[in-house]
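Here are some short exercises to work through with the sequence and the 3D view side by side. Try each task yourself before you read the solution.

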Amino acid sequence: MKTNKVKLELKRITKKFGKKIVIDNLNLKIYEGELFAILGPSGTGKSTLLRIIVGIEEPDSGQILLDGKDITDLPPNRRNIAMVFQSFALYPNMDVYRNIAFPLKIAGFKKYDIEKKVNSAAKLLGISEILSSAVSKISGGQKQRVALARALVREPSMFLLDEPFSNLDARVRFTAREELKRLREQLHSTFVYVTHDQRETSNITSRVGVLNDGKFQQIDSFENLYNFPKNKWVGDFIGNFPMSFMKKTDSISWGFRPEWAIAGRGNLSAKVVTNELVGDINYWMCEMKDGSMVVLRGDKPKEVGSIINFKLNKYNIYKDNSFVKQIS
Ligand code: ADP
Ligand code: MG
């Protein structure tokens, strides 16, 4: 479980590539035992941030604290943070056993200890049966477990995983998520993983940090990100559909989710632009008189151009692009 002890702290981290500011004066606290997700569109600096934490990329400014100690200037091998890369980065010419054993061999462990550690990691990840298999012969899901086992044998202080599910086929993705959750519970360790896909954050993480423009726009539970997005960008990014924003004045708008509106009656109205079916629910993309785009829903498709009356059961008030409060 997540504790109140800060495991990792990033203080005012900035990273530029040329003139481009990728990480902008960013602050973050990760708590011990947490499974924390960093969520953001491609190209927002998620991998860069992990590389800075693990020490293979140097920040231009700022400080990194691990267990309260400043590790900003320590080389990667002295940070004791394990990183699992998106590609898994396994050695294709070694079998599974040798891949997992490799970091221990480099660190000078004795053969007997290596065997013990590799076997126990393999057991934990359910890959004992494939230890002698060639890496080229195993599945994507198995490769991921091998990469995790290789990270695990070093008994790192924490784990960083870059898009851990993106190279798995859809069928095993769900299981992989559940396994990550179980692994964290068994190891009582701290995990940070990166994803661009919000479905990969909704039911396994304690907190999700939404990264954009070099900063965390919001750090919250997935439920709060959906219901109380701090600004319009988060409201747009989270959810199957962008949050609908109805302009009230220049500075004030109302934001709502499709299921917060009741279509068919009420004194608001909008014109249907397109229909979209998700599961067994019809969503209607609509335009209001002032040009605001809103998403409503119901059980049947609606003719394009038809007018829908609706009212709101619940809505958020935004002032100057910031969440003020929810009315329900
Ligand atoms: P993400 O992982 O969120 O997709 P990255 O951290 O890989 O994003 O990249 C963030 C931005 O920084 C991108 O615009 C990328 O092109 C740029 N970038 C990443 N690494 C380098 C590098 N070594 N040199 C120059 N630009 C880089
Ligand atoms: Mg990346």
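**Exercise 1. Find the acidic partner with which K319 forms a salt bridge, and decide how exposed each of the two residues is.**

Solution. Step 1: Keep in mind that this is a predicted model. Look for the closest N and O atoms: K319 pairs with D320, and these atoms are 3.7 Å apart. Step 2: A salt bridge needs a side-chain nitrogen of Lys or Arg within 4 Å of a carboxyl oxygen of Asp or Glu, so the pair qualifies. Step 3: Turn to the surface. K319 has a relative accessible area of 40% and is partly exposed. D320, with 51%, is exposed, because the cut-off for exposed is over 50%.

**Exercise 2. Which residue meets the side chain of E34 in a salt bridge, and which parts of the chain does the pair tie together?**

Solution. Step 1: The side chain of E34 meets that of R207, with 2.5 Å from N to O. Step 2: Place both residues. E34 sits in the loop between β2 (20-31) and β3 (35-39), while R207 belongs to strand β9 (residues 207-212), so the salt bridge ties together parts that are 173 residues apart in sequence. Step 3: Check the accessibility. E34 counts as buried at 0%, and R207 counts as buried at 18%. The cut-off for buried is under 20%, which is why R207 still belongs in that class.

**Exercise 3. Describe the salt bridge between K5 and D67, then find the network that includes them.**

Solution. Step 1: The side chains of K5 and D67 meet at 3.8 Å, N to O. Step 2: This pair links distant parts of the chain, with K5 in the segment before β1 (6-17) and D67 in the loop between β4 (61-66) and β5, 62 residues apart. Step 3: Both residues are partly exposed: K5 has a relative accessible area of 44% and D67 one of 32%. Step 4: Widen the view. K5 and D67 are linked with K7 and E32 in a network of salt bridges. A search of the whole structure finds 13 salt bridges.

**Exercise 4. Is helix α1 largely enclosed or largely open?**

Solution. Step 1: Select residues 46-54, which make up α1. Step 2: Mark the buried ones: K46, T48, L49, L50, I52, I53 and V54. Step 3: Count them. Because 7 of the 9 residues are buried, the helix is largely enclosed by the rest of the structure. Step 4: Look just past the helix, where G55 follows with a positive phi, near 100 degrees.

**Exercise 5. What sign does phi have in N80 and in E163, and where are these residues found?**

Solution. Step 1: Start from the general pattern. Most residues other than glycine have a negative phi. Step 2: N80 is not a glycine, yet its phi is positive, about 60 degrees. N80 is found in the loop between β5 and β6 and is partly exposed, at 31% relative accessible area. Step 3: E163 is not a glycine either, and its phi is positive at about 45 degrees. E163 is found in the loop between β7 (158-162) and α5 (170-187), and it is buried, with a relative accessible area of 7%.

**Exercise 6. Which residues form the negative surface patch, and where does D73 lie?**

Solution. Step 1: The patch is formed by E58, D60, D70 and D73. Step 2: D73 lies in the loop between β5 (69-70) and β6 (81-84). Step 3: D73 is exposed, with a relative accessible area of 75%.

Technical notes: Residues are numbered from 1 along each chain as its sequence is written. Chains are lettered from A and ligands numbered from 1 in the order in which they are written. This is a predicted model: local features need pLDDT of at least 70, side-chain atom pairs count only at pLDDT 80 or more; totals for chains, interfaces and linings use all residues. Side-chain values use heavy atoms; hydrogens and water are left out. Patches are made of residues with over 30% relative accessible area and no salt bridge: like charges are joined within 9 Å, nonpolar side chains (Val, Leu, Ile, Met, Phe, Trp, Tyr) within 5 Å. Accessible areas come from the Shrake-Rupley method with a 1.4 Å probe; for residues, only the protein chains shown count as cover. Lys and Arg count as positive and Asp and Glu as negative; His and the chain ends are not counted. The place of a charge is taken as NZ of Lys, CZ of Arg, CG of Asp or CD of Glu. Helices (H or I, at least four residues) and strands (E, at least two) are DSSP runs, numbered from the N terminus. Buried means under 20% relative accessible area, exposed over 50%, partly exposed in between (1.4 Å probe, protein chains only).
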